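Q: I'd like a close look at one part of this structure: a pair of helices that pack against each other. Please also show me the setting they sit in, and explain the terms as you go.

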Amino acid sequence: MIAESGHYALVLALALALIQSVVPLIGARLGDAALMNVARSSALAQLLFVGASFTALVMLHVNSDFSVANVYENSHSMKPLLYKITGVWGNHEGSMLLWVSILALFGGLVASFGNNLPLSLRAHVLAVQAWVASAFYLFILMTSNPFLRIASPPIEGRDLNPVLQDIGLAVHPPMLYLGYVGFSISFSFAIASLMEGRIDAAWARWVRPWTLVAWIFLTLGIAMGSYWAYYELGWGGWWFWDPVENASLMPWLAGTALLHSALVMEKRNALKVWTILLSILTFSLSLLGTFLVRSGVITSVHAFATDPTRGVFILLILCLFIGGSLSLFAGRATSLKQGGLFAPISREGALVLNNLLLTVACAVVLFGTLYPLAMEMLADFKMSVGAPFYNLSFAPLFALLLLAVPFGPMLAWKRGDLLGVMQRLLAAGVAGLVVVAIVWAWVRGGSALAPLAIGLGVFVIAGAVTDLVERTGLVRLPFATVLHRARGLPRSAWGTAFAHAGLGVALIGIVCETTWNSEYIATMKPNETAHVAGYDLKLDGLFQRQGPNYREMIAEFKISRDGEAVTVMTPSKRSFTTRGSSTTEAALLTRGASQLYVSLGDATAEGAIAVRIYHKPLVLLIWWGPVLMAFGGVLSLSDRRLRVGAPKPARAKQRLQPAE
Amino acid sequence: MTRKQRRMTIIGGSLAVLALAAALVLNALRDSIVFFSTPTMVAEKHVEPGKRFRLGGLVQPGSLQRGDNLAVTFEVADGNAKLPVAFKGILPDLFREGQGVVAEGALDANGVFKADTVLAKHDETYMPKDVADALKKQGHWKDDYGTQASGAAKPAATTAQGNPQGAVR
């Protein structure tokens, strides 16, 4: 009964989306406010029905109703409750349902917080949202229905892929989807403005908070996925340049560019056409990502099922939306009025450079992702494009971008003074160079690249700090004034500093981990000791334990350093009987930002076990960086100028509420 | 500066960045692409020792031998040809005899494939997509590979990194 209701709710959501796709547009043509307002109510109702449908699937999974194929294939009655819930989106059908639920959530948010939008703009935006939604409802209902019943229900389910039975599944996909799908809002706004043929600085002010929200979630989602892969796959890799990872990185790069170009548009009413194009491209890359992951053209942990009809269907959606929106853009973009003038050396100029480097870097990733696929299809030979390719192409471009990052926020709008900025950044530059020298001397030679990259990271962080120091007048002015200034500084300035510093932090982590990672792989017998990076790891023994739906073999390591006992680490190997597969649960010891990482291989007949031990210096910085970036994004979002739902010009607001 | 000059500066800058990116990509393509081969293709093309490639096929049943300190040797076969593979390290969870595998490395002077990475990246049919496609092309695809799984296939991916000497670090 629950399954049928869920299915029915989804069909109703499709019907509502179809109404929402058409009626508001007719209303906008006729200038009929009542028809335009249909968009609002249908978006909210749609959210209600998709929510009901999603809840139904969650209930089916929680109740372990194995008469539903989706539950049978991905659940097990012995599975812990958390994984019963997260297992809902740990499969193709469920994850698509999560996708549309989040799409409906964003539609509902625009409907409820968009009261200050012009009526016809809101009608257009919600109609475009509904087009996307209709396409994906059709996709789910026609090719991936999660509510299908099995004629003769089995007693027990086939369990969820053990790799996915982890807290990471509770966080990573929803976050990533909030990011991916969140970019649909800026897409809808872009299409709406093209259809209306009107766009101005206010448009950017409406779009930027939504883009920022999506960007924050995407940043955290990617970082979370990376950390999950790091501890779950058992060999400490955190980024593989896998097409699926690239699929999430590309919208991130384009979205970051969009955030910055929308800033120019908002402040200076320039770069309008480019911002519209970026909005379209960012969401198109999200759709491309969905296609790559869900169509089965690539094999990976994320590609749940390979069914050609699904691939063709998503490809059709992809072509329809990307082709349609780009044609509309080509036809209408020229009618948009040109914006303000600016000199090449200026804040605008710096943001143009930022956009240029980000989009080109994004294009490089796109090339690396699609080239092997194209070659396989056209020339019929297989190859792989991996880390070495990106190290030689993506990395130099990004290094160039990072070098420019500290300059951007310091340049004035319209016409900047590069020499003055260089003088102000002198301290940061010196800090960077000193660090290069220290690291160089400390490691005594070796690759010059690592010290230089660390120096670059320090320069970026110091540059962000310098910007804050300059703005608050720290050092120059008395402390009370500084405090007053710091309080008066717009939150977005703090946000910029944190986000930029986060880039430097992540870079330092990446360089340290890849350069000075120490690794020890061997078979160990009980009471043997391994020595890695100053730590002594003594294998105390192996024992078995029964988990809820698996058996695990645990190895107990006594860790000591310079003769002093530190802790006990217990990596384990779990074997899941239902699926006959096993997972490796690494044990992690965190010391500052560095980690000791122990994972297990196979046990041999003589009672020995293969172990992998890594010491990863400053590895946590890789993820602290994105967290800092996201925190910067949140600060920026809380800036009064951008507060979601209050996108009125700050001046008017201040006049109304002087006491705030 | 006039509007035209400013525009030219921006366009010039854009072209410079694009040219730089194109140069980087072409350079990277020359050095870092890894091709996929099966034992038959290796036998036909006489791949020179030291050139990195990905080898895909089935682990020949009965060929797996474990040596000291995590050294393993096995044979990768695709019906027409076999190629001995040497690897040092922990094999991935899903590595099994008679099932599909992809190894990355290079041939040594004796014609042994020295792998530094072994991937058993596949779904429940125990067949990496690359290997399945290659076998199908050669007409060695047995239907029972495809019918082992009923319903939707769920994948799992595991990777083994080889010994430190062979790895990039």
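A: Here comes the setting first, then the helix pair, and then some other spots in the two chains.

A bit of bookkeeping: residues are numbered from 1 along each chain as its sequence is written, while chains are lettered from A and ligands numbered from 1 in the order in which they are written. This is a predicted model, where local features need pLDDT of at least 70 and side-chain atom pairs count only at pLDDT 80 or more, though totals for chains, interfaces and linings use all residues.

Chain A holds 20 helices and 11 strands. Both are DSSP runs numbered from the N terminus: helices are H or I with at least four residues, strands are E with at least two. The radius of gyration of chain A is 27 Å, close to the 26 Å that the globule rule gives for 660 residues, so chain A is as compact as a globular protein of that length. (That radius is taken over C-alpha atoms, and the rule is 2.2 Å times the number of residues to the power 0.38.) Along its principal axes, the C-alpha trace of chain A spans about 80 × 75 × 60 Å.

How much of chain A is tucked away? Buried residues make up 54% of its 660 residues. To count as buried, a residue needs 20 or more other C-beta atoms within 10 Å of its own; 12 or fewer makes it exposed, anything in between is partly exposed, and the C-beta atoms are placed from the backbone. Contacts tell you about the fold too: among those in chain A between residues at least 6 apart in sequence, 74% join residues at least 24 apart. Two residues are in contact if their C-beta atoms, placed from the backbone, lie within 7 Å.

Now for the pair. Helix α12 (residues 347-378) and helix α13 (residues 387-404) of chain A pack at an angle of about 170°, with their axes 10 Å apart. That makes α12(A) roughly antiparallel to α13(A). The axes are lines fitted to C-alpha atoms, for helices over the stretch in contact, and angles run from 0 to 180 degrees between N-to-C directions. Under 35 degrees counts as roughly parallel, over 145 as roughly antiparallel, 65 to 115 as roughly perpendicular and the rest as oblique.

Who touches whom? On the α12(A) side you'll find, among others, L353(A), L357(A), V364(A) and G368(A), and they belong to a group that meets residues of α13(A) including F389(A), Y390(A), L397(A) and A404(A). By class, this contact has 16 nonpolar, 3 polar and no charged residues. Here Ala, Val, Leu, Ile, Met, Phe, Trp, Tyr, Cys and Pro count as nonpolar, Asp, Glu, Lys and Arg as charged, and the others, Gly among them, as polar.

Next comes F381(A), in the loop between α12 and β1 (383-385) of chain A. F381(A) is exposed, with 12 other C-beta atoms within 10 Å. Leaving aside its neighbours within four places in sequence, F381(A) is in contact with M375(A) and F35(B). The second of these partners belongs to chain B, which has 4 helices and 8 strands. Of the 169 residues of chain B, 41% count as buried.

How do other helices of chain A look? Helix α9 (residues 243-268) has 26 residues that should span 38 Å at 1.5 Å a residue, and its end C-alpha atoms are 37 Å apart, which agrees. (The expected span is 1.5 Å times one less than the number of residues.) In α9(A), 24 of the 26 residues are buried, so this helix is largely enclosed by the rest of the structure. N269(A) follows α9(A) and has a positive phi, near 60°.

Helix α16 (residues 449-472) of chain A has 24 residues and reaches 35 Å from first C-alpha to last, close to the expected 34 Å. After α16(A) comes G473(A), with a positive phi near 75°. V475(A) sits in the loop between α16 and α17 (479-488) of chain A. Its phi is positive as well, about 80°, although V475(A) is not a glycine. V475(A) is exposed, with 8 other C-beta atoms within 10 Å.
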